[in-house]
Structures are given as C-alpha cells and as structure tokens.
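Grab a pencil and open the viewer. Here are a few exercises to work through, each with its solution.

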Amino acid sequence: MKYGVNTMVWTTRVDDRLAPLFAKVKKWGFDGVELFLSPDEPANTAEVGRMLDAAGLARTTCSVLPRQANLISSDADIRARGVEFLKKCLDRTAELGATLICGPLYAGLGVMTGARRTPQEWDWAVDGLTKVAQHALRLRLIVCIEPLNRFETYFLNTQSDAAKLVKDIGAPNVLIHFDTFHANIEEQNPAASLRSIAKILGHVHISENDRGIPGTGHNDWRGILSVLQQIDYDGWLTIESFAQPEPDLAAAAAIWRDLAPSGDELAKRGIRFIKQLAKELEVGNEGKSVVRAQKVIGGKKRSPSRK
C-alpha cells in the first residue's frame, strides 16, 4: 500500500507556497499527497507538479461539485456545467502528473431535496459520469466515486449503492473510493462493506470517526486494515482528516472546533499510527500462515513406503 496525505489537512490552496510542506511530508514518511482541485480557483499545476517531483512525492487529486455544477440537477444546463467542471479537474489532474481523482463526483456537495434519490437522478448521474469517464480514459486517469454520509448527500451513502453506480457506468477506469469517516456512519460493519467491494476498490481515505487524528477514536482500524491486507490492496491509504480547517472548508464539512493542535501534528501522528498497525497486522498474519502450514504438513498422511 502507498501512504498519502490530503493537503486539506492544512489548506485548499494549490500553489508554489506548498513547497516547504511537501518537504516535511516526505520527511514524515508519506509516499505522496492529494490535492484539492476546483477549476474556479487559481492553481499553478505545472509548478506544483515540478515541486512534487523535486520532493520525490507521487500525487492524487480530489474534488467536489459546487451547487451550480450538479450532475443530478433537474436543470440540463447545470448538469452540463457539472460535466465540464469535472473534465477541467481531469485536465488539471493530468497536468499534475497524477493518475487518479476521487471524491463525491456526482452531486453538488450539501445539496438536499428532502426526499430520496429518484430513478431519473440516478440516470443523470450515470450519463454524466459516463462522459467524464470517457474523457478520463483519453487522459489515462482513474475516477473513484466516494459515497458520503446522509448529512452531506442523499444520493449515495453506502458501498453497495456505489458498487451499483460503478456497474451501471460500466467503465473500466471508474472505481469506488472508500472513506472510513463516512463508512463509520453509514455501514453496519465498515470492514465487511469494504470486503464486499474488493474487486472495484480504487482508493481509501483514512479519517477518524470525529474527522480528527487517525487512531484517537473508535473506528475499527484493525478490521479495516486487515481486510485491505487480505484482499491484497496495493493502492493509496490517504489521510483526509482536519485539524483547524479554513472557514470555507469548515463550513462545507460542518466542523466547528479544532480537531488537532495543528495539521503537522495530525499528519505525523496519523501516519505513525497507520504504519505501525499495518506492520503489526502483517507480522500477525505471517505467524498465522506459518501455523496453518505446520498443521497441514503435520496432519498430512504419509504415503506408504515402498520396498
């Protein structure tokens, strides 16, 4: 597995002021970073890509749809803007030298209708994301769809629904983005729900149940990491938690208090916790494999000797 950290731990900004942060992230043991993209915000992607190369960091990207670019809106113009918004995000992802974009890329964040999703909204999402997937294929990019908790969207809340959406889109480069924070709210058994999407899992976000420092809450980290090891997941484990978020991000994520002393503290403690637990589980699984092998050898019937 590869270990990443979302720069939203510190900022939503994507510019050359991130260079000192990239150097620290590399030093702390991360393999890469995840950058938040919005075509409506300035971003020097070419320069940021060069800085990441210099720091020896790989990269992924994430985004959310604004209300005026909602793929499941009843307004055809708004749906069309959603497709164009995501295509621009894909272009920036490619410019950064990344190969994957993730997030709730189907509906405007926080948009609620007061009712369940409709079959028509489902069809609009499939249509829009099919067009996005085709553009991503041309750029050789993977698109990972993230189900959110019910308080942030009514459209896609569970891994099983995300699996159906991926199936209906039917594109080889569209996979599921599993987030431990949202799964902790919506899934009866987050680890089991993760196992159920093993074949179409493309990305994992690590966040504590309160969106604070991983390892300080009640998420089933052992269960989740055990499943990832058992299914031979070799993608990204990216920390997307929040310490003292900027005002716009705090409002979008409904965070009204500090969740960590600083972004640096969150990242350092989070990566230390996840790597240590993953190592412990690997050692434990290796020990179990040895015991099983010994039992098989010890219990195997010997062939009768020939004279």
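The exercises below deal with ring pairs, strands and salt bridges in turn.

Before you start: this is a predicted model, in which local features need pLDDT of at least 70 and side-chain atom pairs count only at pLDDT 80 or more, while totals for chains, interfaces and linings use all residues. Residues are numbered from 1 along each chain as its sequence is written, and side-chain values use heavy atoms, with hydrogens and water left out.

**Exercise 1. Describe the ring pair of Tyr106 and Phe155, and say where each residue lies.**

Step 1: get the rule straight. Rings of Phe, Tyr and Trp (its six-membered ring) pair if their centres lie within 6.5 Å; planes under 30 degrees apart are stacked, over 60 edge-to-face, and the rest tilted. That gives four aromatic pairs.

Step 2: apply it. Tyr106 and Phe155 are 5.5 Å apart centre to centre with 35° between the planes, a tilted pair.

Step 3: place the residues. Tyr106 sits in the loop between β4 (100-103) and α4 (119-138), and Phe155 in the loop between β5 (142-145) and α5 (159-169), so the pair ties together parts 49 residues apart in sequence. Helices (H or I, at least four residues) and strands (E, at least two) are DSSP runs numbered from the N terminus.

Step 4: check burial. Buried means under 20% relative accessible area, exposed over 50%, and partly exposed in between (1.4 Å probe, protein chains only). Tyr106 is buried at 1%, and Phe155 is buried at 0%.

Step 5: look around. Ring pairs link Tyr106, Trp122 and Phe155 into a cluster. Arg117 lies over the face of Phe155, 5.9 Å from the ring centre; the rule asks for NZ of Lys or CZ of Arg within 6 Å of the ring centre and within 35 degrees of the ring normal.

**Exercise 2. Which strands pair with β4, and in what sense?**

Step 1: two strands pair if DSSP finds at least two bridges between them. Strand β3 (residues 58-62) runs parallel to β4 and is joined to it by two bridges; here Cys62 has Cys102 as its bridge partner.

Step 2: go to the other neighbour. β4 and β5 also pair in the parallel sense, over four bridges, with Ile101 partnered by Val143.

Step 3: trace the connections. From β4 the chain crosses through α4 to β5, a right-handed β-α-β crossover. β3, helix α3 (residues 76-95) and β4 make a right-handed unit too. Right-handed means that, with the strands pointing away from the viewer, the path from the first strand over the helix to the second runs clockwise.

Step 4: check the faces of β4. Leu100 and Cys102 on one side, and Ile101 and Gly103 on the other, are all buried.

**Exercise 3. How many residues apart in sequence are the salt-bridge partners Asp264 and Lys24?**

Step 1: a salt bridge is a side-chain nitrogen of Lys or Arg within 4 Å of a carboxyl oxygen of Asp or Glu. The count comes to 13.

Step 2: the side chains of Asp264 and Lys24 meet at 2.8 Å, N to O. Asp264 lies in helix α10 and Lys24 in helix α1 (residues 19-27), so this bridge ties together parts 240 residues apart. Lys24 is partly exposed at 33%.

Step 3: set a local bridge beside it. Lys131 and Asp127 meet at 3.3 Å, N to O, and both lie in helix α4, four residues apart, about one turn of the helix. Lys131 is partly exposed at 39%, as is Asp127 at 41%.
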